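Student: I'd love a close look at one part of this protein, the helices packed into its interior. Could you take me through that part slowly and then lead me outward from there?

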Amino acid sequence: MIRPLTYDSFPTHAALTELLRSWANDRPHLMLLESLGPSLEGRDIWLATLTNTATGPAGDKPAFFVEAGIHAAEWAGGFAALHLMHRLLAAHGTDERVTRLLDTRTLYVVPRLNPDGAEHVMSEGRYVRSSMRAYPHRGERPGLRLGDVDGDGRALFMRLPDQDGPWKAHPTEPRLLVRREPDEVGGSYFRLFLEGEIEAYRGDVVPVADPVEGIDLGQNLPTDWAAADRIPDNAGPYAGSEPETRAVLEAVTGRPNITGFVTCHTFGGLHLHPPLNSGEQLPYADRRVYDTVGAKAAELTGYDVMSFQDLKYDPDVPFRGGQLGWYYDQLGIFAWITEFWSPQRAAGIESYHPSRWLLDHPVEDDLRLIEWSDKELEGRGFVDWYPFEHPQLGPVELGGWDIINYWYNPPLHRVEAEVAPHTDWIVFQALCSPRLDVRTVSATEEAPGVHRIRAVVRNSGWLPTYVTQQALRRGVAGTATASLELPPDARLVAGEATVQLGQLEGRSGALSTTTWWGHDPGTPDLAAAEWVVTAPAGATVTVRARHPRAGAAMVDVRLGT
């Protein structure tokens, strides 16, 4: 039996480590656990390699990479990675698709890339975007700093009566603050602040201090900044400057068999794919793959599917870098961002734009969200205002949205149902990868002791061996080869020991029917290599086929029998 995955709490780093080690011990032939190195504060960044080692080493199989926890407060994404791992380990040998996946492919999973950030958010109750490094400033800056001032384990909001305030209480739901009309005077109004203390407060103006932790690890990846006006402040001093980012860069570039990538985030209830900016176009073949895989995502999860350029508040503002920018644009592998959990949908709000809604939406939506919190969360999602004596502001009220435990993460009793369909989608994607094998090998004795060997290599996967057209554009696709290995008493007399086979197509280019305009005649998924050798009867030669992305296969051939 494998240790079960429970959903009664979001695991600390220590609990996560214990769970991962137990799984590796329970299924040593299916899972290898290793540390990619220490985080900024010295915690192990765990990588799990999942494959059936009885059918070949991990590096000889096409692979898929899943990562979670790059952002400190997005804990539900980590549960998605853990659910995937548990499902594969528990179902191998009984579930046909899972068994086929681990027998023929490899899964690399980093369940928490940023263990420091998650640990701080869990213990301090305040929102941190990503890395814990102080950047670009080394110390605290004057102004309001987000924090848990009353020690209840959560950082909420503070409201303060003020005749010049921009907010007023909703007429039927006084907990909700709504905007004051442009010409409105004579009412009761409020200032609204994030919960926290004010450094260097002078008794009047309340500036908001920039977060001390200013690096988004998702922006600390290599990208083409030449086309950008400026490098954003949250990218860090240079690409890969942070130990967490450097660890994943080395892990991915050291595993060229990776063909696809999904990073698990919250929130929004959507799947994001390239392109990043207006005016950018995906190659036609890549766009068709994204359409097919996106349709499967929508079918399984019910989430929206859209490009990153369509998500942005302002599509005309260019965006550079990020995870999609590195994995797809630079490495040429299919890359996705999954944003788990939609509080809006949970509350019955179905039609909305995931990012623009945050800037402007009907007040009725807020009323539905508060009502849902009252019914399902017993008021813990939107906390009723309660008095507090603030060390700088004096009497205030604390309350409002619990951002981390309502918006960024679903309630614990909803987590499993939220992430389980995503596991099926990952299995689907991993099984779409290219897969190289040796279809046939023949050996013909053309004269005494002289043998002609012919090997036909095929790509039995859905994707082509190069995976994306973007990989071909950037020259990072690798190439398929077939090589012949001889015993000491044999000699190669014709042909190269290693034959370059180029790229082999998969089935992803086929259209819906075998019409003459949608069918590519011939065998673009096959390639052949021939050699002539001299060898005594009964000698054994080995044919090996390999592609960096599509895996490796070998066949032994006994001559003259």
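Tutor: Happy to! One convention first, for the charges: Lys and Arg count as positive and Asp and Glu as negative, while His and the chain ends are not counted. On that count, the protein has 51 positive and 75 negative charges, and their mean positions lie 6 Å apart. Please keep in mind throughout that this is a predicted model.

A brief frame will help before we go inside. The protein has 14 helices and 24 strands, and its C-alpha atoms fill a box of roughly 105 × 50 × 45 Å along the principal axes. Of its 561 residues, 53% are buried. Among the contacts between residues at least 6 apart in sequence, 75% join residues at least 24 apart. The accessible surface comes to about 24700 Å², and carbon and sulfur atoms account for 51% of that surface.

Now to the part you asked about, starting with α4 (115-124). Because 7 of its 10 residues are buried, α4 is largely enclosed by the rest of the structure. The buried residues of α4 are P115, D116, G117, A118, E119, H120 and V121. Note that D116 and E119 are in that buried set, and that Asp and Glu are the residue types counted as negative. The cover over these buried residues includes α1 (13-26), β2 (44-50), α2 (75-91), α5 and α12 (403-408). Right after α4 comes G125, with a positive phi near 75 degrees.

Since α5 is among the elements covering α4, let's turn to α5 (243-253) next. Here 8 of the 11 residues are buried, so α5 too is largely enclosed by the rest of the structure. Its buried residues are P243, E244, T245, A247, V248, L249, A251 and V252. They pack against three strands numbered early in the chain, β1 (31-38), β2 and β3 (63-68), and also against α4, β11 (258-266) and α8 (322-330). Reading the two helices together, β2 is part of the cover of α4 and is also packed against by the buried residues of α5.

A residue in another helix adds to this picture. Q429 sits in α13 (residues 412-431), and because its relative accessibility is 7%, Q429 counts as buried. Beyond its neighbours within four places in sequence, Q429 touches F64, V262, V293 and W336. F64 falls within the span of β3, and V262 within that of β11, both of which pack against α5.

The loops that flank these helices deserve a look as well. The loop between α4 and β5 (143-146) holds P136, and the peptide bond joining Y135 to P136 is cis, with omega about 0 degrees. A cis bond also links P274 to P275, with omega near 5 degrees; P275 lies in the loop between β12 (270-273) and α6 (284-301). In the loop that runs between β10 (196-199) and α5 we find A200, which has a positive phi near 60 degrees without being a glycine. W341, in the loop between β14 (334-340) and α9 (343-346), is also a non-glycine residue with positive phi, about 75 degrees. Their surroundings contrast: A200 is exposed, with a relative accessible area of 54%, whereas W341 counts as buried at 1%.

Moving outward along the chain from α13, we reach strands. β17 (residues 436-447) and β18 (residues 450-459) pair antiparallel over 10 bridges, and T440 has V456 in β18 as its bridge partner. The two strands form a hairpin with 2 residues between them, where G449 in the turn has a positive phi of about 80 degrees.

Lastly, 4 strands make an open antiparallel sheet in the order β21-β19-β23-β24. The edges are β21 (498-502) and β24 (551-558); each has a single partner strand, so one side of each lacks a neighbour in the sheet. Neighbouring strands there are turned by 15 degrees against each other on average, direction ignored. Within this sheet, β23 (residues 540-547) pairs with β24 over 8 bridges, and T540 stands opposite R558.

How values were computed
Residues are numbered from 1 along each chain as its sequence is written. This is a predicted model: local features need pLDDT of at least 70, side-chain atom pairs count only at pLDDT 80 or more; totals for chains, interfaces and linings use all residues. Side-chain values use heavy atoms; hydrogens and water are left out. Two strands pair if DSSP finds at least two bridges between them. Axes are lines fitted to C-alpha atoms, for helices over the stretch in contact, and angles run from 0 to 180 degrees between N-to-C directions. Buried means under 20% relative accessible area, exposed over 50%, partly exposed in between (1.4 Å probe, protein chains only). Contact means heavy atoms within 4.5 Å. Accessible areas come from the Shrake-Rupley method with a 1.4 Å probe; for residues, only the protein chains shown count as cover. The place of a charge is taken as NZ of Lys, CZ of Arg, CG of Asp or CD of Glu.
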